[in-house]
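Open the structure in your viewer and keep the selection box handy. We will go stop by stop.

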Amino acid sequence: MSCAQFQQQISTYIDGETDDRDAGVLFTHLSGCDDCRAFLRTTLQLHQVIAAFPTPDVSGALDRRVLRIPDRATTQRPAIRVWLEELWKRRIAIPLPAAVTTLLALVLTAAFALSLALRSDRTSVTARPETVYIMEMPAVEIQGDPARQTTTIH
Amino acid sequence: MEPVTDRELLDRLCSRDSRAFELLYQRYKVALFRFCLGILKDQHRAEDAVHETFLKLFRWSDALQDRTSCRAWLFRVARNECLMVMRRERHSAIVDGEDVWDEDTPLTILVGQQTQDSISKALDALKVEYREVILLRESDRLSYAEIAAITDSSESAVKSRLFKARRALASALAPLLDERTGI
């Protein structure tokens with residue numbers, strides 16, 4: 001393996017993503033390679049310095065902007081939608097007899113509407129054209145003239 | 001007692017619990033802000049990106065399928081926000097070829113500055129796809145798998161980018177770091 005490949009392994013090793021076998025091969029190489037040892041040293045220093053970077057301050061303005069998101073999302077809903085959602089979720093209390101009467105009225109109304117619909121279906125059936133049979137034929141008189149070989153129908 | 005896991009907070013957020021939203025914000029605001037600041041290099045734009053990230057979390061929490069990876073999801077959204085801002089401002093977000101630096105090589109930046117400032121500036125000079133993996137790994141300790149999910153790439157690509165970024169930083173900053181440790 002070349003030094004470039006070992007240095008890639010060093011990068012992986014620093015991240016803790018190298019298995020023991022590869023690490024063993026890497027350390028054997030490091031024991032005899034100044035360049036790769038220098039790369040390991042510098043990369044570890046970089047790792048430490050970046051880890052010690054001060055935490056950036058998140059401004060109070062950003063906190064306020066973000067934490068207003070839920071409120072704004074609620075207030076920005078269209079009024080009609082909010083009203084419908086609230087209406088759907090609203091609980092109402094009615095006496096049992098009133099509920100039963102309402103239910104019964106609904107069932108009777110539905111049954112009446114159904115029967116009306118069926119009746120109108122029956123009357124709206126179109127009549128088939130009827131076949132007319134003529135039982136009596138009109139009287140026909142046939143006159144023949146054998147001499148002229150003609151026939152006349154009256 | 002407050003719920004501990006992100007999953008519980010997300011469940012509560014689905015029923016529009018603003019306290020759960022606030023707890024998630026407090027939990028991730030610093031990490032996301034640091035990440036966005038590292039990518040965008042501007043406080044106001046980073047704040048906008050964090051704001052948009054949490055706005056999306058509030059709107060789309062119902063649609064978040066895998067609730068065990070809330071952190072990765074937040075970083076992914078924040079990253080997309082940052083890239084969108086950069087694209088809008090005509091910054092190059094895509095790297096072609098092997099070049100790692102986005103600005104001048106930081107050797108010129110190092111002279112006469114403090115180590116941390118110099119490293120910070122060297123990081124800022126990295127192209128965004130190298131900078132983001134360094135930030136996610138070094139600052140937030142995310143796993144290769146999480147970084148791959150956030151950056152929409154494979155774990156081997158993450159490993160390779162981390163190495164290239166470290167190699168570039170190491171070669172640019174070695175004189176300064178050696179001097180600092182007296183080696």
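Select helix α2 of chain B, residues 18–40. It is part of a predicted model. Put a distance between the C-alpha atoms at the two ends of α2(B). You should get 29 Å for a helix of 23 residues. A straight helix would reach 33 Å at 1.5 Å a residue, and α2(B) falls short of that.

Where does α2(B) bend? Colour B:Tyr28 and look along the helix there. The bend at B:Tyr28 is about 50°.

Now step off the end of the helix. B:Lys41 follows α2(B), and its phi is positive, near 60°.

**Stop: the other side of α2(B)**

Go back to the start of the helix and select B:Arg16. B:Arg16 sits in the loop between α1 (6–14) and α2 of chain B. B:Arg16 also has a positive phi, near 60°, and it is not a glycine. Is B:Arg16 buried, exposed or partly exposed? It counts as partly exposed because 14 C-beta neighbours lie inside 10 Å.

**Stop: the nonpolar core**

Select B:Leu32, B:Cys36 and B:Ala78 together. They belong to the largest nonpolar core, which has 66 residues, and these three touch the most other members. Which element gives the most to this core? The answer is α2 of chain B, with 13 residues. The core also reaches into both domains of chain B: domain 1 (1–93) and domain 2 (95–183) each provide at least three residues. As background, nonpolar side chains tend to be buried together in soluble globular proteins.

Keep B:Cys36 selected and show what surrounds it. Leave out its neighbours within four places in sequence. The contacts of B:Cys36 are then B:Ala46, B:Ala49, B:Val50, B:Ala78 and B:Cys82. B:Ala78 is one of the three core residues you picked above.

**Stop: all of chain B**

Zoom out and colour chain B by secondary structure. You will find nine helices and zero strands. From the N terminus on, the elements read α-α-α-α-α-α-α-α-α. Chain B has 183 residues, and 42% of them are buried. Now think about contacts with a separation of 6 or more. In chain B, residues 24 or more positions apart account for 63% of these.

**Stop: around helix α7**

Select B:Leu126, in the loop between α6 and α7 of chain B. Is B:Leu126 buried or exposed? It is buried, because 25 other C-beta atoms lie within 10 Å, and 20 are enough to count. Next, pick B:Val100. B:Leu126 and B:Val100 are 26 residues apart along the chain, yet their C-alpha atoms are separated by 6.0 Å. Leaving aside neighbours within four places in sequence, B:Leu126 has contacts including B:Trp101, B:Asp102, B:Arg131, B:Ile134 and B:Ala165.

Move on to B:Val128, in helix α7 of chain B. B:Val128 is buried, with 20 other C-beta atoms within 10 Å. Add B:Leu83 to the selection. B:Val128 and B:Leu83 are 45 residues apart in sequence, and 8.8 Å separates their C-alpha atoms.

**Stop: a loop before α9**

Select B:Asp152, in the loop between α8 (144–151) and α9 of chain B. Its phi is positive, about 55°, although B:Asp152 is not a glycine. B:Asp152 counts as exposed because 10 other C-beta atoms lie within 10 Å, and 12 or fewer is the cut-off.

**Stop: where the chains meet**

Show both chains. Here 34 residues of chain B are in contact with 27 residues of chain A. Five helices of chain B each supply at least two residues to the side that touches chain A: α2, α3 (43–60), α6 (115–125), α7 (128–139) and α9 (155–181). Which of them gives the most? Select α9(B), which gives eleven residues. Colour this side of chain B by residue type. You should see 18 nonpolar, six polar and ten charged residues.

**Last stop: chain A**

Hide chain B and look at chain A alone. Chain A has seven helices and two strands. From the N terminus on, the order is α-α-α-α-α-α-α-β-β. Buried residues make up 11% of the 154 residues in chain A. Of the chain A contacts between residues at least 6 apart in sequence, 42% join residues at least 24 apart.

How values were computed:
Residues are numbered from 1 along each chain as its sequence is written. Chains are lettered from A and ligands numbered from 1 in the order in which they are written. This is a predicted model: local features need pLDDT of at least 70, side-chain atom pairs count only at pLDDT 80 or more; totals for chains, interfaces and linings use all residues. A nonpolar core is a set of buried Ala, Val, Leu, Ile, Met, Phe, Trp, Tyr and Cys residues joined through C-beta atoms within 7 Å. Helices (H or I, at least four residues) and strands (E, at least two) are DSSP runs, numbered from the N terminus. Domain bounds come from an automatic or database domain assignment. Two residues are in contact if their C-beta atoms, placed from the backbone, lie within 7 Å. Ala, Val, Leu, Ile, Met, Phe, Trp, Tyr, Cys and Pro count as nonpolar, Asp, Glu, Lys and Arg as charged, and the others, Gly among them, as polar. The expected span of a helix is 1.5 Å times one less than its number of residues. The bend at a residue is the angle between axes fitted to the seven residues ending there and the seven starting there.
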